[in-house]
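Open the model in your viewer and keep the selection panel at hand. The tour goes stop by stop.

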Amino acid sequence: MYISKIRIKNFRNFREKEVLFNDGINVIIGHNNSGKTNLIKALSLAIDTQTTKRLEIDDFNKHIPLDELKSNPPKISIAVHISQSENEDLHSDDLVTVGNWLIKLVNPYEALLTYEFFLPEKEQANYVNAITDLNDCDLIWKVIKHDFIRLYTTKIFGGDSKLQMTADTESLQKFDFQFLDAIRDVERDMFSGKNTLLRDVLDFFMDYEIKSAPETDKTKEHKEQEIKAKKRSFNESANTILDELQRRMKRGKEQILSYAKATGASFKNTIPDFQGEISDVELFSALKLIIEHEIDESRKISIPATHNGLGYNNLLFMSLLLAKMQVSADGGYLGNNAKVFPILAIEEPEAHLHPAMQYKFLKFLKENRNEKKRVRQVFIITHSTQLTSAVSLDEIICLHNENGETMVGYPGKVFSTEQNKSKKYVQRFLDATRSDMLFAQKVILVEGIAEQLLLSTLAQYEDKSLEDEHIAVINVGGRFFDHFLYLFDTTKSSFAIPKKVICITDRDPVRRERPRDDDSDEKSFEKCYPFEYKYDQGKYEYENHASNYIDNYKDATNIRFFSQDEESGKTFEYDLITSNPKLKLLITDSISNKKELQDLMDLYGSDTCEPLLERLKKNAENSRIKDGIINSQWSPIEKQKAIIAARYLNSVGKGENALELVYNLTENLLKNKDERADFQTPGYIREAIQWICS
């Protein structure tokens, strides 16, 4: 069996939401305060017998409408659905454990546990009377806090919650829910044999060579007799040691007891003395965890585990906890008290583990599930892009909070069978850097390195901060937006992550010659300049790479495409210059033809474009620019912008130039306003930033 889903109503940031789980590994991600920890807390309220069930006023979701608050006292409800696993043995203890909670009897079976925190029915009339004249939610919550929260009670129902059948405690105790939060004192919890965790683990694994022997080699009775013999032998040895202690304390004890007589502790012939025995289990309190370091083949040094780094000790703690869960699930050791369903929940394992250790730990958890002693279901809350990139899309659950409403996305479920190619592409693409798109509050997808490096700086010129808005800029390496938009397009899948996404793409106009009647071969599209675009439609047919995208997503609620103007735009670098035709700050050290570009900028603003055309070097590409400009119907000033932009575009190297532009534009931004060069953000970039930040 496995926990297949949870329905949460009115608990913390969950107004009313259903979350689906996997049979195995569940990696729960999302931006800060998206509800990851609250989700695990909700799960523990229903199935963890060790956690307190009592809640407080601040555990309620505060977005409950006024009319709902006035009609009935607020109630927190958490429904946990438990389903049959694939290839599950129906004769196992699983079905017996949840048998009284079944709501679906046919295969696959389904059971239901419902935790409720509610005001008893006899108090509800008093509640309605108390808030009748109140028309403000804040005032109603204050009344609940001061007059009614102490009267609230908790119940866990098994099966259909309408029947109000309390779940039996014996079955609930078959769940072993272990939660490791991000802030934990592992030294307190682990390193001394006085601690229950270490003592229980040591007790279980003592004489393990006997306990783990196959039944074919030793019967259960034979094992018990052999272990009892070892305990008797230990007790005899321990008694010898205690007798020796008594002999060594004989004179000293007389001195101690003389004080007892003098103070009156020996009143009415009562004489204090020392006596005792010690078992193998009690001696565990003398044991402490140490770490051995091998210096060479003949020498080792031992240091206390408390001297290790926090990350290493967290791994040791988790390994002990997993061993303890194995102990708790061993029916041969605990009999009817053994746990049936071990569940491990870990909050932010990356808090103490570097990336390589995160990978190793995740690999171990997956392998552990395939063994007989496995943890049955694992929940990992993480902000680690390393962990996210190491698991499959199907194992990821993404929480997203927008305007106080928590929403859930399932990256692996958004792809249909026909879209399996895109799913594989995204899976390969999501490395430790790019998987940031799943964590961010909002996302900007761009084609190349220049936009990726520069967008944050350009946003600052518009008095916006991508960092403050928790916006991730992801370079998809070309026009591969379709693959990634499946993750976010809520119009195509209810499993999509409903965060705001913009795609910034280049127009990149192209043309090809129209086929002649005697021409059997279809021509290929080739790049063209904006001033050539749609110039000779009798000879050429024209296209651009942005119009279809923009049209397809113009009505989408959370996705938009932005590109340059259809008539005058080409690429990001091209538009930088048409927006700033005289700004020499954009001519970086790595750019070629610097002197030519500087001269062209100096000539900008002439009555005609002739001076600029004459300044162009003589080569084939510049000849094409000249011909296109001469044939264009554009105004002289627009032609001048186009000449400089085309020449600039043909002179830049993408990566290095982008880094230098970031530096130049950032340095310019740091200057006093009266010293700062006037830089204009390209119009389509400005619109994109305004939309994503709104």
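Start with Asn 33, in the loop between strand E3 (25-30) and helix H1 (36-47). The model is predicted. Check the backbone torsion here: phi of Asn 33 is near 60°, a positive value in a residue other than glycine. Is Asn 33 buried or exposed? The cut-off for exposed is over 50% relative accessible area. Asn 33 has 70% relative accessibility, so it counts as exposed.

Next, select Asn 107 and Pro 108. A cis peptide bond joins the two residues, with omega at about -10°. Show the flanking strands as well: Pro 108 lies in the loop between strand E5 (102-104) and strand E6 (110-118).

Move on to Gln 164. Which two elements flank its loop? They are strand E7 (153-158) and helix H6 (169-172). Gln 164 is not a glycine, yet its phi is positive, about 55°. Now colour by accessibility. The relative accessible area of Gln 164 is 44%. Partly exposed covers the range between under 20% and over 50%, so Gln 164 is partly exposed.

Now select helix H17, residues 449-461. Put a distance label on its end C-alpha atoms: they are 19 Å apart. What span should 13 residues give at 1.5 Å a residue? The expected value is 18 Å, which agrees with the distance in the model. Stop at Leu 455, where H17 bends by about 45°.

Stay on H17 and show side chains. The buried residues are Ala 450, Glu 451, Leu 454, Leu 455, Ser 456, Thr 457, Leu 458, Ala 459 and Tyr 461. Keep the helical repeat in mind while you rotate the view. An α-helix has 3.6 residues a turn, so residues three or four places apart point the same way. Try it on the buried set, which includes Ala 450, Leu 454 and Leu 458. Then step just past the helix. Asp 463 takes a positive phi of about 60° just after H17.

Last stop: the sheet built from E18, E19 and E20. How are its 3 strands ordered? The order is E19-E18-E20, in an open sheet with antiparallel pairing. Strand E19 (526-527) and strand E20 (540-543) stand at the edges. Each has a single partner strand, so one side of each is left without a neighbour in the sheet. Select strand E18, residues 510-513. E18 and E19 pair in the antiparallel sense over 2 bridges. To finish, pick Val 510 and look across to E19: its bridge partner there is Lys 527.

Conventions. Residues numbered from 1 in each chain as written. Predicted model: local features only at pLDDT ≥ 70, side-chain atom pairs only at ≥ 80, totals over all residues. Heavy atoms only, no water. Helix = DSSP H or I, 4+ residues; strand = E, 2+ residues; numbered from the N terminus. Expected span 1.5 Å × (residues − 1). Bend = angle between axes of the 7 residues up to and from the residue. Buried < 20%, exposed > 50% of the residue type's maximum accessible area, 1.4 Å probe, protein only. Pairing = 2+ DSSP bridges.
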